Each structure stands twice: as structure tokens, then as C-alpha cells.
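Good morning, and thank you for making time on the agenda. I would like to take you through one structure; please have the sequence and the model open in front of you.

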Amino acid sequence: MDFLMSGLAACGACVFTNPLEVVKTRMQLQGELQAPGTYQRHYRNVFHAFFTIGKVDGLAALQKGLGPALVYQFLMNGIRLGTYGLADSSGYLHTAEGIHSPVRSAAAGALAGVTGAYLGSPIYMVKTHLQAQAASEIAVGHQYKHKIFPPQSWKVALAAAMVSGIAVVLSMTPFDVASTRLYNQPTDVQGKGLMYRGILDALLQTARKEGIFGMYKGIGASYFRLGPHTILSLFFWDQLRFLYHTYTK
């Protein structure tokens, strides 16, 4: 559960921070091994880079490499935070007297970080290649011509659906937990719930007494149930639309 929660949390943050990763990658590759003043600066600062990429490459380019980035974040942070959480819950970070050990904490953190970085490095390389891809007038660094999927491929819809499945589970699980508890609560003779007044009350009570993680109980089961359902629904929807437009022309 530590691995899954850590990975999903990192993926949720990645959706919002990936545009900054694109900008960072472009700015770091700009002027590679060239003396200052001897090359054209396509990106003057962070804000100018956002504007330039959006204008020339299109707004969608600000999310380039999102697929590998999500895999990288899930793998690296899932292993890093999950392994550390496992060490903490198993009692390894404390001495026999129950005192927190800084040395053991540092060792567990270092081991978890190295393992996550090592396993995530190949995915990070692919992410960097994709995020560096740009139109010729604003290209920096070496331009790899990777194409994950050919145009109109069913794999595009499948990959998009997998990403959206993560977003759906992260946003809907608290409401799913609340609705499950509302349906399952005891009632009085008039059928009125005895534990919760409504969905907002259920969310607030859960968060107050069980913490934020209490609102995400069963998230693993939710993803394995809702994830495939979302993936297959969007996949079939996209393919049916494609077939309809193909044979009605």
C-alpha cells in the first residue's frame, strides 16, 4: 500500500508539474557546450519559455513526455517513499529501546533513493528525449525523432485512457469511500442515517478522525476495478468513433 499510495501521489503531482519539466529540459539544453553570447537564446527565462513553446509548438507540447514521466514518477517515488515507509512501519528506523535512529533513517533513505533512481533512469532518458523535441526554429540540443505510437493507432487511445484512469481514481476515491459508508451506515426507524448527515459530513468526519489517507482506503482495489473500466470504456469509445467516421464517409 505504501508503494501504491506513494506512486499515485507522485503521478497526480506530475500532471501539474510536467510543463515545468519541459521548460527546464529545454533551458538546460540551450547553448550546450557553447560560450555565452555565441548562440541564439530561444528561451530567455521561464515565462518566456512557456510562451514560446506554447506559441510555436502548441499548448500540447507543454505536456510532452507525460507518459514516461508518469511511469518514472510512479516507479521512482513509489519505490523511494514506499521502501522508506516499509522500513518505518517495520520498526527498522528505531533502536531496540524505541528511539529513532538518524543513522538507520539515513541508510534507509539512501538505499531507497538509489534503488528508485537506478530503476527509473531508463524511463527518465526517454522522457528527456521526448521533452526536448521541438520545431526547428526553437530546437535546442540533439533532436531524437522518437514516435511512441504511429498516428491513429489504437495504442494512443489506450495510453491516454491509462493516464485518465489514474486521474479518475485519485479524484473520485474520497467520494467513493463516503458513498460506501453512507449506504452502509445504520438507520433509525424513519430510515435516517445515524452516523452521517450527508456526503459532505461523511468526508469531513473521515478526514478529521482517520486523516487524509482514510479518504483513500481501498484505492488499490478502486484502480484495479475503475482503472480497467475507464481504460476499456475510452478505448472502445475511440475505436467506435474511428470506425463510424471511416465507414460513413
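I shall begin with the overall fold, go on to individual helices, and finish with the charged side chains.

Please keep in mind that this is a predicted model. The secondary structure comes to seven helices and zero strands. Read along the sequence, the pattern is therefore simply α-α-α-α-α-α-α, with helices named in order from the N terminus. The protein has 249 residues, and buried residues make up 35% of them. As for the contacts with a separation of 6 or more, 68% are between residues 24 or more positions apart.

Let me turn to helix α3, which covers residues 66–89. With 24 residues at 1.5 Å a residue, α3 should span 34 Å, and its end C-alpha atoms lie 32 Å apart, which agrees. There is nevertheless a kink in α3 of about 25°, and its centre is G78. Is G78 itself on the list of buried residues in α3, and which residues accompany it there? Let me put that as a plainer question: which residues in α3 are buried? They are L66, P68, A69, L70, Y72, M76, N77, G78, I79, G82, G85 and A87. The residue at the centre of the kink, G78, is thus one of the buried residues of the helix. After α3 comes G91, whose phi is positive, near 90°.

Helix α6 can be described in a similar way. Its twelve residues reach 16 Å from the first C-alpha to the last, close to the 16 Å expected at 1.5 Å a residue. Buried in α6 are D201, A202, L203, Q205 and T206. Just after this helix, G211 takes a positive phi of about 85°.

A positive phi also appears at L33, at about 55°, although L33 is not a glycine. Where is L33 found? It is in the loop between α1 and α2. With a relative accessibility of 87%, L33 counts as exposed.

I should like to pause next at H129, which is found in helix α4, residues 102–132. Is H129 buried or exposed? Its relative accessibility is 14%, so H129 counts as buried, the cut-off for that being under 20%. Leaving aside neighbours within four places in sequence, H129 is in contact with Y144 and H146. Q143 is 14 residues from H129 in sequence, and their C-alpha atoms are 7.4 Å apart in space.

This brings me to the charged side chains. As a general point, side chains of opposite charge can pair when their charged atoms come close. How many salt bridges does the model contain? The count comes to six.

One of them joins the side chains of D57 and R26, at 3.2 Å from N to O. D57 lies in the loop between α2 (46–56) and α3, whereas R26 lies in helix α1 (residues 2–29), so the pair ties together parts that are 31 residues apart in sequence. As for the surroundings of the two partners, R26 is buried, with a relative accessible area of 0%, and D57 counts as partly exposed at 22% relative accessibility.

Another salt bridge is formed by the side chains of R181 and E210, at 2.5 Å from N to O. Here R181 belongs to helix α5 (residues 154–184) and E210 to helix α6 (residues 199–210), so this pair ties together parts that are 29 residues apart in sequence. E210 is partly exposed, with a relative accessible area of 34%. The side chain of E210 also meets that of K217 in a salt bridge, at 2.7 Å from N to O. K217 is likewise partly exposed, with a relative accessible area of 47%. Elsewhere, salt bridges that share partners join E21, K24 and K127 into one network.

K127 has a further feature to point out: it lies over the face of Y124, at 4.2 Å from the ring centre. A second case of a charge over a ring involves R241, whose charged end sits over the ring of W237, 4.7 Å from its centre. As for rings pairing with rings, the structure holds one aromatic pair.

To close, I would ask you to retain two points from this predicted model. Helix α3 has a kink of about 25° centred on G78. The salt bridge between D57 and R26 ties together parts that are 31 residues apart in sequence. Thank you for your attention.

Definitions and conventions: Residues numbered from 1 in each chain as written. Predicted model: local features only at pLDDT ≥ 70, side-chain atom pairs only at ≥ 80, totals over all residues. Heavy atoms only, no water. Helix = DSSP H or I, 4+ residues; strand = E, 2+ residues; numbered from the N terminus. Buried < 20%, exposed > 50% of the residue type's maximum accessible area, 1.4 Å probe, protein only. Contact = heavy atoms within 4.5 Å. Expected span 1.5 Å × (residues − 1). Bend = angle between axes of the 7 residues up to and from the residue. Salt bridge = Lys/Arg side-chain N within 4 Å of Asp/Glu carboxyl O. Phe/Tyr/Trp six-rings, centres within 6.5 Å; stacked < 30°, edge-to-face > 60°. Lys NZ or Arg CZ within 6 Å of the ring centre and 35° of its normal.
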